[in-house]
Amino acid sequence: MYMKIIICDDDQASLDQIKNLLIAYGREKKIRMEIHTYLSATEVQQAIVAGELKNIDLILLDIMMEGKSGIELAEGIRSKNKDMPIVFVTSSTEFALKAYHVRAVRYLLKPLNRELIDEMLDFVTTHLLTKKDKLFEINTKKGCVNINYSEIIYVENVARRMWVTLKNGKVYQSVGIRDSFEKQVGCLLQEENFIQPHKSYVVNLDYVSSYTTSILHMDNDSDIPISRRNSLEVKQRYLKYLTLR
């Protein structure tokens, strides 16, 4: 799983503590986390308006901050996005009712600890994020099959047919494709964790066990070739992936 998270708190020590607790959870659960930290609600709002923060999975907000409060920021976010998980982190219980009105999934009191963060993330990943797993549609001889993106290890183009290999060992073969392979898998390549190391393959980086300059070795013991043309991009994307693990 991959999560993109915002933390906003005007106290640097609290910001660092929350980030470290999230990272510890991610390492234990093998969830890659891209975490953006901000010291004011205004900074977050500006980043969102500028389009710098897309596809956010979770936002953690302090409530009492100078200038715009966490509640005000949450109200603005909720007016445009009804489903984003919002968690308030605060030292006071007095804003709990307002947090309820913006449908916060949790209201955590400082000082935080690992148990509070773990319970919150267990809830978010189990009950909220799993519902939004996108579906990859493939037409087979037996009909149309919808596959969760998170289940895909890699997709291969063989004689103008897509072969989709899943983490449970199943392999689905499409009927002949009329469009180019790149167009068929374009939706996957828009995701952070999918990459095209070779013209005939699209790979889910979540299932890469090791990397060389010419091969991606997958968890199912498959070896995916890396073309010279794509080697630099693969290296950069894989290194970025490792930093988010």
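This passage walks through the fold of one chain, from its overall make-up to its sheet, helices, hairpin and cysteines.

The structure is a predicted model. Its chain contains eight helices and 15 strands, and its C-alpha atoms fill a box of roughly 65 × 35 × 35 Å along the principal axes. Of the 245 residues in the chain, 44% are buried. Contacts across the sequence matter for the picture too: among contacts with a separation of 6 or more, 53% link residues 24 or more positions apart.

A good place to start is the sheet. Five strands pair in parallel to form an open sheet, and their order is S2-S1-S3-S4-S5. S2 and strand S5 (106-109) sit at the edges, each pairing on one side only. On average, neighbouring strands of this sheet are turned by 20 degrees against each other, if direction is ignored. Helix H1 packs on the sheet and touches S1, S2, S3 and S4, with its direction at about 175 degrees to that of S2. As background, strands of a sheet pair through backbone hydrogen bonds, in either a parallel or an antiparallel way.

At one edge, strand S1 (residues 2-8) and S2 run parallel and share seven bridges. One of the pairs here is Cys8 with Tyr38, the latter being the partner in S2. Between these strands comes helix H1 (residues 12-29), and S1, H1 and S2 together make a right-handed β-α-β unit. So how enclosed is strand S2 (residues 32-38)? Five of its seven residues are buried, so S2 is largely enclosed by the rest of the structure. At the other edge, S4 and S5 are also parallel, joined by four bridges, and Val89 stands opposite Leu108 in S5.

Next come two helices, H2 and H3, with a buried side each. In H2, the buried residues are Ala41, Val44 and Ala47. They lie on the same side of H2, because the arc they cover around the axis is only 125 degrees. That fits a simple rule: an α-helix has 3.6 residues a turn, so residues three or four places apart point the same way. Turned away from the buried side of H2 is a face with the exposed residues Gln46 and Val49. The buried residues of H2 are covered by elements including S1, S2, S3 and H3. Just after H2 comes Gly51, which has a positive phi, near 80 degrees.

Helix H3 (residues 70-80) tells a similar story with a longer list: Gly70, Ile71, Leu73, Ala74, Ile77 and Arg78 are its buried residues. These cover an arc of only 155 degrees around the axis, so they sit on the same side of H3. The other side of H3 has Ser79 and Lys80, which are exposed. Cover for the buried residues of H3 comes from elements that include helix H2 (41-49), strand S3 (58-62), strand S4 (86-90) and helix H4 (96-101). H2 and H3 thus turn up in each other's cover, since H3 is among the elements covering H2 and H2 is among those covering H3.

Further along the chain is a hairpin, in which two residues join S11 to S12. Strand S11 (residues 194-198) is mostly covered, with four of its five residues buried. S11 and strand S12 (residues 201-204) are antiparallel and are joined by three bridges. His198 stands opposite Tyr201 in S12.

Loops deserve a look as well. Where does Arg178 lie? Arg178 is in the loop between strand S10 (171-173) and helix H6 (181-184). Arg178 is exposed, because its relative accessible area is 81%, over the 50% cut-off. Arg178 and Pro197 are 19 residues apart along the chain, and their C-alpha atoms are separated by 22 Å.

Finally, there are the cysteines. How many disulfides does the structure hold? The count is zero. Take Cys144 as an example: the closest cysteine sulfur to its own is that of Cys187, 12 Å away, which is too far for a bond, because a disulfide needs the two sulfur atoms within 2.5 Å. Seen from Cys187, the closest cysteine sulfur is in Cys144, again 12 Å away and too far for a bond. Cys144 has 45% relative accessibility, so it counts as partly exposed. Cys187 is partly exposed too, at 29% relative accessibility.

How values were computed
Residues numbered from 1 in each chain as written. Predicted model: local features only at pLDDT ≥ 70, side-chain atom pairs only at ≥ 80, totals over all residues. Heavy atoms only, no water. Buried < 20%, exposed > 50% of the residue type's maximum accessible area, 1.4 Å probe, protein only. Pairing = 2+ DSSP bridges. Arc of directions from axis to C-beta. Contact = heavy atoms within 4.5 Å. Right-handed = clockwise from strand over helix to strand, strands pointing away. Axes fitted to C-alpha atoms, helices over the stretch in contact; angles between N-to-C directions.
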